[in-house]
Amino acid sequence: MKAAHFSFTLAILALATIASAYDPSPLQDFCVATNDPSNALFVNGKFCKDPKLATAEDFFTSGLNIPGNTNNKVGSNVTTVNVDKIPGLNTLGISLVRIDYAPYGLNPPHTHPRGTEILVVVEGTLYVGFVTSNQQDGSNKLFTKVLNKGDVFVFPIGLIHFQFNTGHTPAVAFAGLSSQNAGVITIANAVFGSTPPINADVLTKAFQVDKNLINYLQKQFWTDNN
């Protein structure tokens with residue numbers, strides 16, 4: 001009896017170990033397997049410098065005091081500080097952005113497929129929000145908040161979110177992301193501005209609108225504020 005109980009315990013522990021194991025989150029959109037090393041790339045981070053050769057410059061960048069250019073259709077600009085700007089961020093799982101907003105500027109609905117975002121307003125007033133994934137009843141709940149200077153808001157990983165400057169003066173925010181390369185998918189750009197374009201019949205059916213409207217939207221120039 002004791003032997004059977006011991007075997008059962010071992011089986012449970014084995015299952016628990018298997019359940020807790022998983023592949024590391026990718027740091028790129030996809031990774032196609034190849035058997036040709038000459039065509040291979042190192043992914044999920046970058047090659048590491050010998051620690052003995054590291055310097056303070058590997059952990060430093062400057063320029064976040066300089067406002068980004070918001071002279072575009074959406075009136076915002078995102079300045080990113082990731083592993084490409086600070087090599088020392090490699091494998092540490094964090095990055096930073098400065099977001100500048102013109103009066104009534106918008107950081108349009110987008111997602112970060114690989115990172116949660118925590119944002120703090122340092123100047124101005126922002127209307128922010130995110131939308132949940134599909135719920136059991138088919139709905140998607142919207143969470144919104146008006147943020148003033150010093151206020152902080154969190155956008156969970158992968159969820160569609162936005163920020164809108166409701167004031168007639170510029171606004172500035174800084175945000176931390178839980179990935180060295182969180183990625184960004186701007187919804188309108190991806191849906192209506194992909195190359196090649198998504199078949200208009202697909203979007204007409206998905207959005208339940210006239211096909212002429214889809215054709216019009218696909219002909220627009222979709223701004224990248226990053």
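**Strand pairing, core and surface patch**

Gly129 stands opposite Phe162, a residue of E8. The structure is a predicted model, in which local features need pLDDT of at least 70 and side-chain atom pairs count only at pLDDT 80 or more, whereas totals for chains, interfaces and linings use all residues. Residues are numbered from 1 along each chain as its sequence is written, and side-chain values use heavy atoms, with hydrogens and water left out.

Strands are DSSP runs of at least two residues (E), numbered from the N terminus, and two of them pair if DSSP finds at least two bridges between them. E5 and strand E8 (residues 160–165) are paired in the antiparallel sense over 6 bridges. Both appear in an open sheet of 5 strands with antiparallel pairing, ordered E6-E5-E8-E3-E10, whose edge strands, E6 (142–147) and E10 (185–186), each pair on one side only.

The largest nonpolar core (buried Ala, Val, Leu, Ile, Met, Phe, Trp, Tyr and Cys residues joined through side-chain atoms within 4.5 Å, where buried means under 20% relative accessible area, exposed over 50% and partly exposed in between, with a 1.4 Å probe and protein chains only) has 18 residues, and Tyr101, Leu119 and Leu126 have the most contacts inside it. Elements giving two or more residues to this core include strand E2 (95–101) and strand E7 (152–155), while the largest share, 4 residues, comes from E9.

Ile118, found in strand E4 (residues 117–123), counts as partly exposed because its relative accessibility is 44%.
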